[in-house]
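Q: Please take a close look at one part of this protein, and set that part against the whole chain.

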Amino acid sequence: MTDSTDGYAPHPHIGGRTNALRALAAWRMARPGAPRVVALTGSSGSGRSRLLTGFLMLCDPESRRQLDLDRLDPSSVPPELPAPAAANARGLTAQQFLWAIADHYELPVDRTEDIYSELAAIGDPVSLVVLDVDQAGPVRHTDEPSVLVRQVLKPLAALDSVRLVAELPRHLVTELADGLPADALQIIDLDEPPWADPVGLVRHAEAALAPSFAGADLPFTVDPEARHAVAAAIGRRAGTSPLVVQLAIQSILLVPEGFDPADEGQLPTTVGEALDLHAGRLGTDPQTLRLMLAPLALTEADGMPVHLWPRLASAVAGQDMSQAVANGMRLVAPFIQPVDQKADGDDESSGWTRLRLFHPAVGDAIRAGLPNVPAAQTQIAMALLEAVPEQDWGRADPYVRDRIAGHTLAAGLLPQLLTDPGLFVHADPVPLRAAIEAVPVEELGAAARTYLRAAPLLTRNEVSEPWRAALLETAFVEDGLPEYAEALHRLGFELPWQTLWSLPVAGISEVTVGSIPNAEGPATRVAVLVVPPGTPGARPTGEEGESAVLVLGLVPPDGPGEADLEQILRPSEEERAAAPLGLSRGADYLRVWDRASEEVMAALVSDVPFTSADLSPDGIVVVATERGAKALRIRPVDPAIAS
């Protein structure tokens, strides 16, 4: 079967791929015999995302109105139905992606495991298109795309009520297909007949070379026959890759001098050849171009700040590359693109603030040519550390602060980085958590393990830096790392509390505060914990000793001594009502609020439910969970910290 338009006009956005559009239209119409699940795959640069974008244009009511649908092949145009949900996996963890789906469908769930049953309970079939699975995850050097397919897309595909199109790399297709009935899945591999589109590639090249689009009046762009001949040669050399076509055109339009349209050897067959041919056309060693682009090929997130680029290129190259970067915009231009720009446009690189590679496949080609990727990542990590002013993470560039963990993970050095409480507080917790989770737990130090335990609380609501510091402060005390807790108090934040002590005792059912009178001085403030009988240090209570209590000094180093339990006085209701602070509690959170202003002074959340809590009249809260109890002195702070 050929990818023919049968006399109809090609899709205006993608210029071809008619067979694939027909298959996707059949999926959208749920035509008898059409598969419920479509795996769209192909090599990087084969045009997967572009095809799905063109298909979604045909599904979206607003986009359809801007297209002349009567000129398109009717079998490639789905009927006017509600557009399928489109979800982009770029930069997301599997869990974040799943919650995004739950939010889109407004599912009433609190646990991820309930999302699938709720989707299955929706009356109408759920139609979902997933893009950029290969770019899932907030950190490059993890296997989040595989996790996404295994933990999310595969369970979705197993639901009879879900109709799924997923764009994913070829090596993950088998994972998605495993367990599905043969007639439920269709694989569209854009590098294989009948899905490859050689005619479309030539059409794309010819349109891109046209003077009206290219903005260049050259012999091989102005003359229609010459333009078609060059386009045909570009298409032949590119094989099945629209990306190679695009890079070839960008290169020859940027540097037309010396280009011989009759010499097909000047046209690339791969992304790597596109890099090398462009460098050669400018009289530059191809390795120089690759070293200049290496930091962008190793970058984390969506682009690298321009001001870091020369520093990191020099680190990878082992020599000063600042002049090469400053003078090399014609050299790198076909392979990079700006992510955003400064409003005033006075930056050294035309106002660009961040750069990224033109396509992920360019990064694949550059990384494949590096002699030692971990060594290059080590050099980048060291350069990023040197860029932290006086090792104060609060003053570090956001990219350095938030992405250094990804670089040190790729270098095999992440555990050594995870010793600075300032980094734990200031770094974006989503990529930091993802990077730490990629390291075997036995290789992590105690502080990193505490961070990993607290990370779900830090990422749950995108909490502020002061709140991160507060939650980590109490976690460090719980885990017996008081020196880290003390360091957090020195970061310059006025934390909403100071954790006074933590006791890892299981089975606490109730905590109360009280005091023991002292005839010779102030009363001793205590916390009374109801614990299981036999708990070390506990005193039996009740006629048969069926229960027990632990009595602890509320504020170290005070202790209750051998005081009789009958001596302990609990605050009266009148004393509690007259206290300046009040306490409210839910299953996994508690709030301390100012009675006069009704402002929240502190908000404590927990990864396990609270079993009990009490607040002393002078503002010390004692809380218990299944892991034990702890006491926190509440401080008057800016309420925004706890909001």
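Take the place where a glycine follows a helix: what backbone angle does Gly318 take just after α15? Start there and work outward.

A: In this predicted model, Gly318 has a positive phi of about 75 degrees, and its place is just after α15. The helix before Gly318 covers residues 309–317. Its buried residues are Trp309, Leu312, Ala313, Ser314, Ala315 and Val316. An α-helix has 3.6 residues a turn, so residues three or four places apart point the same way. Trp309, Leu312 and Ala313 are among the buried residues of α15.

By the domain assignment, domain 3 runs over 284–370, the range in which these positions fall. The assignment also gives domain 1 (18–189), domain 2 (198–269) and domain 4 (500–634). The centres of domain 3 and domain 4, taken over C-alpha atoms, are separated by 57 Å. For scale, the C-alpha trace of the protein spans about 105 × 65 × 45 Å along its principal axes.

Positive phi values also turn up in residues other than glycine. Arg17 has one of about 60 degrees, and this arginine sits in the segment before α1 (18–29). Arg17 is buried, because its relative accessible area is 7% and the cut-off for buried is under 20%. Glu390 has a positive phi near 50 degrees and belongs to the loop between α19 (373–386) and α20 (398–411). Glu390 counts as exposed, because its relative accessibility is 72% and the cut-off for exposed is over 50%.

Two further loop positions can be added. The peptide bond from Pro193 to Pro194 is cis, with omega near 5 degrees, and Pro194 is in the loop between β5 (185–189) and α8 (198–209). Ser161 lies in the loop between α6 (144–158) and β4 (162–167). Ser161 counts as buried, because its relative accessibility is 17%. Leaving aside residues up to four places away in sequence, Ser161 touches Leu119, Ala120, Pro125 and Val126.

Next, the nonpolar interior. The largest nonpolar core has 119 residues, and those touching the most other members are Ile234, Leu293, Leu414, Leu472 and Phe476. Helix α25 (residues 465–478) gives the most to this core, with eight residues. Phe476, not counting residues up to four places away in sequence, touches Phe424, Ala447, Thr450, Leu481, Pro482, Tyr484, Ala485 and Leu488. Another core, of 37 residues, lies apart from the largest one and has Ala94, Ile101, Ala166 and Val173 among its members.

Finally, the whole chain. The protein has 27 helices and 19 strands. Of its 643 residues, 51% count as buried. Among contacts between residues at least 6 apart in sequence, 63% join residues at least 24 apart. The accessible surface comes to about 28,400 Å², and carbon and sulfur atoms account for 51% of that area. The protein carries 49 positive and 87 negative charges, and the mean positions of the two sets are 4 Å apart.

Notes:
Residues are numbered from 1 along each chain as its sequence is written. This is a predicted model: local features need pLDDT of at least 70, side-chain atom pairs count only at pLDDT 80 or more; totals for chains, interfaces and linings use all residues. Side-chain values use heavy atoms; hydrogens and water are left out. Helices (H or I, at least four residues) and strands (E, at least two) are DSSP runs, numbered from the N terminus. Buried means under 20% relative accessible area, exposed over 50%, partly exposed in between (1.4 Å probe, protein chains only). Contact means heavy atoms within 4.5 Å. Accessible areas come from the Shrake-Rupley method with a 1.4 Å probe; for residues, only the protein chains shown count as cover. Lys and Arg count as positive and Asp and Glu as negative; His and the chain ends are not counted. The place of a charge is taken as NZ of Lys, CZ of Arg, CG of Asp or CD of Glu. Domain bounds come from an automatic or database domain assignment. A nonpolar core is a set of buried Ala, Val, Leu, Ile, Met, Phe, Trp, Tyr and Cys residues joined through side-chain atoms within 4.5 Å.
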